[in-house]
Amino acid sequence: KGDVFKIRLPHRGGREISVEEFNLQSHWEEPGEETYMRENIASDFFAEAGLPVFDTLHVELVQNGKFYGLYSIVEQVDENFLERVGYNPKGHLYKAFSGTASNLNDRVPARLMDKVYRRGNEAEDEGDWSDLHDLTQSLAGKNRAHSSVEEYLYNHVNLPEVVNELALQAAILNQDRCTKNYYVYYDIDRKE
């Protein structure tokens, strides 16, 4: 654990909270004209739809007394985030980062899952990726523990949340989440 910073985010009602890190988004590749609003509006859009989403806040960055730029602070998706959105922070949070192999395909063996996904929070057994591997195998119809892909989806995936998330991603034209930069959360209590 590193240094602790103090920050005020809108979802905390302006209350100061401690964070170990924060993310500055430059809005560099915003489609169309640069508005410096896309990330913040998208976050509000997802929150209004009732989906778990990181919080954002515009900030002016001043370095050595000189204006450096307009950015957004984006809440870190970790156990603090999980707790805020009502998920068990001890559940398994994964972030896809590969860009080629982390699209939930069935070709990544369990022993190599940590090469294409990262943990987003601390897990009791850091070496256990079986729930994520089970998901990839089940989506491909290769998990014999389930009678079909549909049976797996109905019993182990929060379908309303996934469908809403996919619809909103399409509505905001987000193209940076099909093989990387998305999270998968396994709720250890609900087995979902």
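At 37% relative accessibility, Asp114 counts as partly exposed. This residue offers a convenient way into the structure, which is a predicted model. Asp114 forms a salt bridge with Lys115, and the closest N and O atoms of the two are 4.0 Å apart. Its partner Lys115 is exposed, with a relative accessible area of 54%.

The salt bridge just described belongs to a wider set, as a search of the whole structure finds five salt bridges. Among them is the one between Lys142 and Asp106, where the closest N and O atoms are 2.4 Å apart. This pair links distant parts of the chain: Lys142 sits in the loop between α4 and α5 (149-156), Asp106 lies in the loop between β6 and α3 (113-116), and 36 residues separate them. Lys142 counts as exposed because its relative accessibility is 51%, and the cut-off for that class is over 50%. Another of the salt bridges joins Glu126 to Arg119, with the closest N and O atoms 3.5 Å apart. Here Glu126 is partly exposed at 41% relative accessibility, whereas Arg119, at 16%, counts as buried.

A charged residue can also be buried without such a partner, and Asp187 is the example to look at. Asp187 is found in the segment after β8 (183-186). It is buried yet has no salt bridge, and the nearest side chain of opposite charge, that of Arg190, is 4.8 Å away. A salt bridge requires the nitrogen and the carboxyl oxygen to be within 4 Å, so this pair does not qualify. The side chain of Asp187 does, however, reach the backbone nitrogen of Arg190 at 3.0 Å.

Turning to the rings, the count comes to four aromatic pairs. One of them, formed by Tyr68 and Tyr71, is stacked, at 6.5 Å centre to centre and with 10 degrees between the planes. Tyr71 counts as buried, at 15% relative accessibility. In another pair, the rings of Tyr94 and Trp129 have their centres 5.2 Å apart and their planes at 35 degrees, so this pair is tilted. The pair links distant parts of the chain, with Tyr94 in strand β6 (residues 92-96) and Trp129 in the loop between β7 (117-119) and α4 (130-139), 35 residues apart. Both Tyr94 and Trp129 are buried.

Aromatic side chains appear on the surface as well. Phe5, Phe22 and Leu24 form a nonpolar patch there, with about 250 Å² of accessible area together. Phe22 is found in the loop between β2 (16-19) and β3 (23-25), and at 35% relative accessibility Phe22 counts as partly exposed.

Key: Residues are numbered from 1 along each chain as its sequence is written. This is a predicted model: local features need pLDDT of at least 70, side-chain atom pairs count only at pLDDT 80 or more; totals for chains, interfaces and linings use all residues. Side-chain values use heavy atoms; hydrogens and water are left out. Patches are made of residues with over 30% relative accessible area and no salt bridge: like charges are joined within 9 Å, nonpolar side chains (Val, Leu, Ile, Met, Phe, Trp, Tyr) within 5 Å. Accessible areas come from the Shrake-Rupley method with a 1.4 Å probe; for residues, only the protein chains shown count as cover. Helices (H or I, at least four residues) and strands (E, at least two) are DSSP runs, numbered from the N terminus. Buried means under 20% relative accessible area, exposed over 50%, partly exposed in between (1.4 Å probe, protein chains only). Lys and Arg count as positive and Asp and Glu as negative; His and the chain ends are not counted. A polar contact is a pair of N or O atoms within 3.5 Å; within protein, one must be able to donate a hydrogen and the other to accept it, and residues adjacent in sequence count only if both atoms are side-chain atoms. Rings of Phe, Tyr and Trp (its six-membered ring) pair if their centres lie within 6.5 Å; planes under 30 degrees apart count as stacked, over 60 as edge-to-face and the rest as tilted.
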